[in-house]
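Here is a walk through a structure you may be meeting for the first time. Keep the picture open while you read.

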Amino acid sequence: MGIGTAMKTLSLVLGLILSAPLLGGSALATDANDPEREARWQEISAYIFGDRKVEPTDSLIKIEAPKRAMDAALVPITLTMADKGNVKSVYLLIDDNPSPFAAHFTFGPAADPGELKLRVRIDAYTNVHAVVETKDGKLFQTVAFVKASGGCSAPMGVSDEEAMKGMGDMKMKFAGDAQGGGPLAATLMVRHPNFNGMQMNLTTRSVRPARYINKIIVSYGDSDVVTIDGDISIATDPVFNFSFVPAGAGPMKVVVSDTEGGHWEQSFTTTALSN
Amino acid sequence: MRFPSAIVAKGAAIVAAVAILLSSGPAGTADDVPEPEGVWTGPMHGTTPKTLKGAIVLDIAGLDALMAQRALFLDVGPADKKPADFPKDLPWLPIHRTIPGSVWLPGAGAAPLEQAREDVFYARVEELTRGDKSRPVVTFCHPDCWGSWNTAKRLVLKGYTRVHWYPDGIEGWQITHETAAVKPDSVWDAASASGTQP
């Protein structure tokens, strides 16, 4: 979203907020319990999980997301898993995006799967579902309603060449006590436009073909940390936060691949911790 | 909805700041896009004029008022297009939420529109209004979308007398109102699918 559009949206939103008291107390009924939205979720759930039962939970997984996103192409999501010793994998599904599957995180033995952060595109006011798969193969879901729109088709203001400059470059930040042997927090940043095949190129006025990261494999030494299967809802220049338990000297290795055969690898050592 | 006065005051300050930013912009941007003679044949996404000769430009209050008047609501927002090479094992489930009761004619605001499709568009509107050119019609899609401007313009040019354009579109509506999921209008969709699409 360009700054001009963002400002217009901002002023539109604020203008309506300011005039809202005039409308009388008509609180919006939009929520997760809307039967139409529930039917939609059942459809998505059946597509991805088949016959497997997906039970609601208030505790095993939680979603933190802005109720109203200022930039629909960059919506921050935090997932917390309370029973982190019993987490096999986590799904993030954005119900009303045309491609609802956003990401699947599969944790390995070196993971500390208590918290995940990522940034996504959201195309409409929608329910966002997070599903945790426990080690015994059970599925539990929770939901948040997020108000954002246009994140999937928001035009990118730069040329393809500009957007792809440095594609595959990675940065990693670690935080925590490296000597204590406890879990460390990692922030992985990957430079990639993650073209979703729906964005208009403002220079050529044509739709950019899709090209996005579909797999990231993170390991530490000989142990898997996390494998991320991603889709077109992951925001441009993906950033993921996760934690891991550093057993041995490492290093942490990250392997990124995209839908056009792009393949990038980089290793990081935890010795240069900033704190 | 009620908001604490502190938030309202903060909001007002931001609106004021935005207003200053917009008004200090160079000429030719934001506020003064001139109306084209006929329909706009440039890129569909972009800043639109604030006016439309022969039509009424609505804000949300005007739209609410019109709701009671049996108006025909035409949504011309585009349909999501499946990216090439989309993975076969993942769900592609586009959904279109709009103002409840609207007729969705995806892409009908495009220009130029192939003659056969334009004919289908006019025939469909005539059918939906039962030939009553004084029936109120509202066109909309998204902010910064010429499609709804063009659609309103086409109706004005065709002699419809109560044409309304709602530039804030679905995004403006959903801030204070519920949306409903709709499928494309079957007649329009059939015409679009039968090879008359540009």
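What follows looks at each chain in turn, with a few helices, strands and one loop residue picked out along the way.

One thing to keep in mind from the start: this is a predicted model.

**The two chains side by side**

The table puts the basic make-up of the chains together.

| Chain | Helices and strands | Buried share of residues | Share of contacts (residues at least 6 apart in sequence) that join residues at least 24 apart |
|---|---|---|---|
| A | 3 helices, 15 strands | 41% of 275 residues | 69% |
| B | 6 helices, 7 strands | 36% of 198 residues | 79% |

**How far to trust chain A**

Chain A has a mean pLDDT of 85, and 82% of its residues reach 70 or more. Two stretches deserve some caution. Over residues 1–7 of chain A, pLDDT stays under 50, and the model has 11 contacts beyond four places in sequence for them. Residues 14–30 of chain A also stay under 50, with 25 contacts beyond four places in sequence. Where pLDDT is low, the predicted coordinates should not be read in detail.

**A helix in chain A with a buried face**

Helix α2 of chain A covers residues 35–49. Its 15 residues reach 20 Å from first C-alpha to last, close to the 21 Å expected at 1.5 Å a residue. Which residues of α2(A) are buried? They are R37(A), I44(A), S45(A) and I48(A). Looking down the axis of α2(A), you find its buried residues within an arc of 100°, so they line one face of the helix. On the other side of α2(A) sit P35(A), A39(A) and Q42(A), which are exposed.

And what covers the buried residues of α2(A)? The cover includes four strands of chain A: β1 (54–56), β4 (87–94), β5 (101–107) and β7 (126–134). After α2(A) comes G50(A), with a positive phi near 60°.

**Following β5 to its partners**

One of those covering strands, β5(A), leads on to another part of the chain. β5(A) pairs with β12 (residues 223–230) of chain A in the antiparallel sense, over 5 bridges. In this pairing F105(A) stands opposite I228(A).

β12(A) also pairs with β11 (residues 213–220) of chain A, again in the antiparallel sense and over 6 bridges. Here V218(A) stands opposite V226(A). β11(A) and β12(A) form a hairpin with 2 residues between the strands, and in this hairpin G221(A) takes a positive phi near 60°.

**A proline in a loop**

Now have a look at P183(A), in the loop between β9 (170–175) and β10 (184–190) of chain A. It has 19 C-beta neighbours inside 10 Å, and since 20 or more would make a residue buried, P183(A) counts as partly exposed. Which residues does P183(A) touch, leaving aside its neighbours within four places in sequence? Its contacts are D112(A), G176(A), S243(A), F244(A) and V245(A). With D112(A), the sequence separation is 71 residues, yet the two are 6.6 Å apart in space, C-alpha to C-alpha.

**The sheet in chain B**

Over to chain B, which follows the pattern α-β-α-β-β-β-α-β-α-β-α-β-α along its sequence. In what order do the strands of its open sheet lie? The 5 strands run β1-β6-β5-β2-β4, with parallel pairing. β1 (55–57) and β4 (103–104) of chain B are the edge strands, each pairing on one side only.

Strand β2 (residues 72–75) of chain B pairs with β4(B) in the parallel sense over 2 bridges. Within that pairing, V103(B) in β4(B) is the bridge partner of L74(B).

Helix α4 (residues 146–157) of chain B lies across β1, β2, β5 (137–140) and β6 (163–165) of chain B. Relative to β6(B), α4(B) runs at about 170°.

**A two-sided helix in chain B**

Helix α3 of chain B (residues 115–128) has 14 residues and reaches 20 Å from its first C-alpha to its last, close to the 20 Å expected at 1.5 Å a residue. R117(B), V120(B), F121(B) and V125(B) are the buried residues of α3(B). These cover an arc of only 130° around the axis, which puts them on the same side of α3(B). Turned away from that buried side is a face carrying the exposed residues Q115(B) and E127(B). Just after α3(B), R130(B) takes a positive phi of about 50°.

Methods:
Residues are numbered from 1 along each chain as its sequence is written. Chains are lettered from A and ligands numbered from 1 in the order in which they are written. This is a predicted model: local features need pLDDT of at least 70, side-chain atom pairs count only at pLDDT 80 or more; totals for chains, interfaces and linings use all residues. Two strands pair if DSSP finds at least two bridges between them. Two residues are in contact if their C-beta atoms, placed from the backbone, lie within 7 Å. Axes are lines fitted to C-alpha atoms, for helices over the stretch in contact, and angles run from 0 to 180 degrees between N-to-C directions. pLDDT is the predictor's confidence in each residue, from 0 to 100. The expected span of a helix is 1.5 Å times one less than its number of residues. A residue is buried if 20 or more other C-beta atoms lie within 10 Å of its own, exposed if 12 or fewer, and partly exposed in between; C-beta atoms are placed from the backbone. The arc is that of the directions from the helix axis to the C-beta atoms.
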